[in-house]
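Student: Could you take me through one part of this structure up close? I would like to see how a single strand sits among its neighbours.

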Amino acid sequence: MRFVDEAVITVEAGDGGNGVASFRREKFVPFGGPDGGDGGRGGSIYIQADDDTSTLVDFRYTRRYRAERGKNGSGANCSGRGGDDVILKVPVGTTIVDIESGDIIGDLVADGQRVKVAQGGDGGLGNTHFKSSTNRAPRKSTTGIKGEYREVRLELKVLADVGLLGMPNAGKSTLIRAVSAAKPKVADYPFTTMVPNLGVVDADRHRSFVMADIPGLIEGAAEGAGLGIRFLKHLARTRILLHIVDVEPIDGSDPAHNAKVIAAELEKFSPTLAKLPVVLVLNKLDQIAEDSREEWCQHILDELQWTGPVFKTSGLLAEGTKEVVYYLMDQIEQQREREVEDPEYAAEIKAFREQLEAETREQTIAAKEAYRAMRKAQREADLNDDEDDFDDEDDGDVESVYIRD
């Protein structure tokens, strides 16, 4: 199934049904009075998180959703039937944004969580509501209220505790395969990971966390190079970033330089995202002779001037991965406990998350607009080049000869 993490749709709730002006007419009841019923309420539109949905691809093909209109009222004080509601199911982790105002309508982070995005219109009133002691035969009724109309953007960000970060072919997919049941594609060429992959990592019984593997980054990712700009936003919901560094890159590049490039791209994309705790993992140690591993790893750490937590692993052989898992599990549990016990810390984390969400959204939109502008300029340049070539041919002494066979 194609992975789609963003879609723009329009939603239109149903209009309310009209009230009617009607009078009771029965044998032997010459002055029955008004009995016009009210119109039915229009259907509303809800968006609901669903664990069985993993992509927004359906919303790329169907972009307009409209709820049923309420039925009109009728005589004998009969109200019209209300319109059926429409429930749109999206993956857990979807944020709903009103395009016109930019406000966040809802953030669906739990299965079954539901948000109303368009309110159905109320039904009109029948003439029964307008009778009085001085107006015993009112002929007035009202029409139903129009349903709410909105254009919304659906943004999917995967829900994970740990996000993997690194160059293409750094071994991120191999590592997540080693520590979880996830089976992302692994190959000996760059960009084998084209979409985010989630894996549940079990540290011990009843102790687990979710790890997200995103496509590898390259230099210029924050400006749209490679796949980075499309998927960097998926790290916005993580608690810890696991920076995977290939100690012996297949292209012969310097691993310390590669790590600095990733850190710089992260900072350019979102300074707030760069403030998340980062754990460094020196991976693919199996490619280095055992007697020179420590010296080579220390050289990389000295080049990076790294003072944070660091682990040395071989994802292919699953060496050193348990230590990484237990460390991450301890850190995540400590954060969770502190958020529960310290309301001030929990408020700080909430504000940090909101700032991070807003920053990544703004950067993603700006990068997409810049990309569209670049593509438009390229198309215009190509068109101008074609016109120039045509004009150059016309300027010469060229004679066109048509031959009929």
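Tutor: Start with the pairing of strand 9 and strand 12. Strand 9 covers residues 162-166, and 5 bridges join it to strand 12. The two run parallel. This is a predicted model. For one point of contact, find G166: it stands opposite I244 in strand 12.

Now look at another partner. Strand 13, residues 278-283, also pairs with strand 12. That pairing is parallel too, over 6 bridges. Here H243 of strand 12 stands opposite L280 in strand 13. Strands in a sheet pair through backbone hydrogen bonds, parallel or antiparallel.

Next, follow the chain. Helix 4 spans residues 255-269. Together with strand 12 and strand 13, helix 4 makes a β-α-β unit, and the unit is right-handed.

Then turn to the side chains of strand 12. The strand runs from residue 240 to 246. I240, L242, I244 and D246 point one way. L241, H243 and V245 point the other way. Both sets are buried. In this sense strand 12 is mostly covered, with 7 of its 7 residues buried. Buried here means under 20% relative accessible area.

For contrast, find another sheet description. An open sheet of 5 strands has the order 3-1-8-5-6, and its pairing is mixed. Strand 3 (64-66) and strand 6 (104-108) are its edge strands, each pairing on one side only. From one strand to the next, the twist averages 25°. Within this sheet, strand 1 (residues 6-12) pairs with strand 3 in the parallel sense over 3 bridges. There, E12 stands opposite R66 in strand 3.

How values were computed. Residues are numbered from 1 along each chain as its sequence is written. This is a predicted model: local features need pLDDT of at least 70, side-chain atom pairs count only at pLDDT 80 or more; totals for chains, interfaces and linings use all residues. Side-chain values use heavy atoms; hydrogens and water are left out. Buried means under 20% relative accessible area, exposed over 50%, partly exposed in between (1.4 Å probe, protein chains only). Helices (H or I, at least four residues) and strands (E, at least two) are DSSP runs, numbered from the N terminus. Two strands pair if DSSP finds at least two bridges between them. A crossover is right-handed if, with the strands pointing away from the viewer, the path from the first strand over the helix to the second runs clockwise. Axes are lines fitted to C-alpha atoms, for helices over the stretch in contact, and angles run from 0 to 180 degrees between N-to-C directions.
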